Amino acid sequence: MSRPRRSVQFQHRGSNGHHGRRPSISETSEGLSEPGSPGPKPMNGNSEVTKEEKDQSPQTEYEKKKETFITRTIWTFVMIGGFFAAMFAGHIYILAIVTAVQIVSFKEVIAIANVPSRAKNLPFTRSLNWYFLGTTMYFLYGESVIYYFKHIVLVDRILLPFATHHRFISFMLYVMGFVFFVGSLQKGHYRFQFTQFAWTHMALYLINVQSHFIMNNTLEGMIWFFLPASLVITNDIFAYICGITFGRTQLIKLSPKKTVEGFVGAWILTILFGFAMTNVLMRYKYFICPANDLGSNFFSGLYCEPNPVFLTQQYTFQPPLLLHSPPQTFHIAPMQFHILVFASFASLIAPFGGFFASGLKRTFKVKDFGESIPGHGGITDRMDCQFIMGFFAFMYYQSFIAEYRASVGSVIETAIQGLSPEEQIEVVRGLTKYLVGQGQVAEGATDCLAGVLPRRR
């Protein structure tokens, strides 16, 4: 009596419904043609599907690149349009854009070093980051407002105490955050918390402090904001064009696509662009005048006595090869010499701000700082060179170009902080008499003041 066979089904017999028979050669080839299994090429219609899939993969990649290019181009024009619209609308709109940029950039830089799993266990870490940001902005904005608008702040009864004690208030706000940070330290998280503390302060310095000087540049005159920013942008464009045209030698390992030829070519072209752009901007007082009225715009204009750096002057030049010939005379504004320095810094030094950002992203293994701008990455990816350029523009302007004259705000500040109330009243009487004598004020002004001001002791 024969032993009954067990109904055992092997794996290859249970597929395609072929029970109880050996699979044919064609079926074997079908099984071997499944993804991931080695074997001969399929002989039936499945080969057509495989070819179609192979044909579709490059097309899909092309479509993605095309979509990214379109998105990037659209947002490029949106940013350019918004930038020029804000610039022509007035200084206050540029200040608002700079404020938004530094807040978003701070958020992006802080985010790449954050560890969500640990941040959940330390709920005050993120709050402290934003607290230090608010304290820093209060201090920096207050410094700018007090410096540029003394004639408004110092004569207001409510704002005067905040203006005179601004630095002490800012310091105490920072100390409160420092004490709270020390009190929030938890065992087992010391390294993470101190890393976040140091990272926050680095971000405040690299982003917010340098943005503060960009805002000061805007208040000193729109040209000191627009010219450095445009030099950095055009230098980046020129470096790309020169690099793809005749670039051969790699410049730096952090950015493999940067070439020495593109670097040098962009330097030369940026100088030419800066020379031409400066010649245009100097013709409009809206660009060269300080922002004494935040309500002004390009169409209403600004009025001031131009800085001598914008006025054409005569220079004499003796050619070294023609010593016996008469000296050559030419007329040019000193600003055209200064622009050589600005363009050189934008071409030779400012790009290292971008290299620094590239190294930072490589450290944390991220492609972009964020996704704030579709197709471009984060705000920080577009502003990495602008921060250091704005800082340089402010320092250079204050050192070699700015004129230090007595202003209404500085005179009021001196009178308030250096004179007693009785002496301040005497200043008012003396100025009134002087203005009456010059015919600037009616003669009855002295009598009116005599009835209002207290008598001399």
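These are my notebook entries on a cavity and a helix pair in this predicted model.

**Entry 1: the cavity**

I started by looking for enclosed space, and I found one cavity of 30 Å³ or more in the structure. The largest cavity holds about 90 Å³ of space.

Next I wanted to know which residues line the largest cavity. I listed Thr125, Leu128, Asn129, Phe132, Phe181, Ser184, Gln193, Gln196, Phe197, Thr200 and His201. Sorted by class, this lining has seven polar and four nonpolar residues, and no charged ones.

Which helices each supply at least two residues of that lining? I noted H5, spanning 124–148, and H9, spanning 190–220. H9 gives the most, with five residues.

**Entry 2: H3 against H5**

Since H5 had come up already, I turned to how helix H3, residues 91–112, packs with H5. I read off an angle of about 150° and axes 12 Å apart. The angle is over 145 degrees, so I count H3 as roughly antiparallel to H5. I also logged the crossing of H3 and H5 as right-handed.

Then I looked up who makes the contact. From H3 I have Thr99, Gln102, Ile103, Phe106, Lys107 and Ile110. H5 answers with Asn129, Trp130, Leu133, Met137 and Tyr141. By class, I get seven nonpolar, three polar and one charged residues in this contact.

**Entry 3: a cross-check**

I went back over both lists for Asn129. Asn129 is among the residues lining the largest cavity, and Asn129 of H5 is also part of the contact with H3. A nice one to click on while viewing the model.

How values were computed
Residues numbered from 1 in each chain as written. Predicted model: local features only at pLDDT ≥ 70, side-chain atom pairs only at ≥ 80, totals over all residues. Heavy atoms only, no water. 1 Å grid on protein atoms, 1.4 Å probe; cavity = no way out; pocket = protein on both sides within 12 Å on 5 of 7 lines; lining within 4 Å. Points joined across faces, edges and corners; volume = space filled by probe spheres on them. Helix = DSSP H or I, 4+ residues; strand = E, 2+ residues; numbered from the N terminus. Nonpolar A, V, L, I, M, F, W, Y, C, P; charged D, E, K, R; others polar. Axes fitted to C-alpha atoms, helices over the stretch in contact; angles between N-to-C directions. Parallel < 35°, antiparallel > 145°, perpendicular 65-115°, else oblique. Left-handed = near helix turned anticlockwise from the far one by under 90°. Contact = heavy atoms within 4.5 Å.
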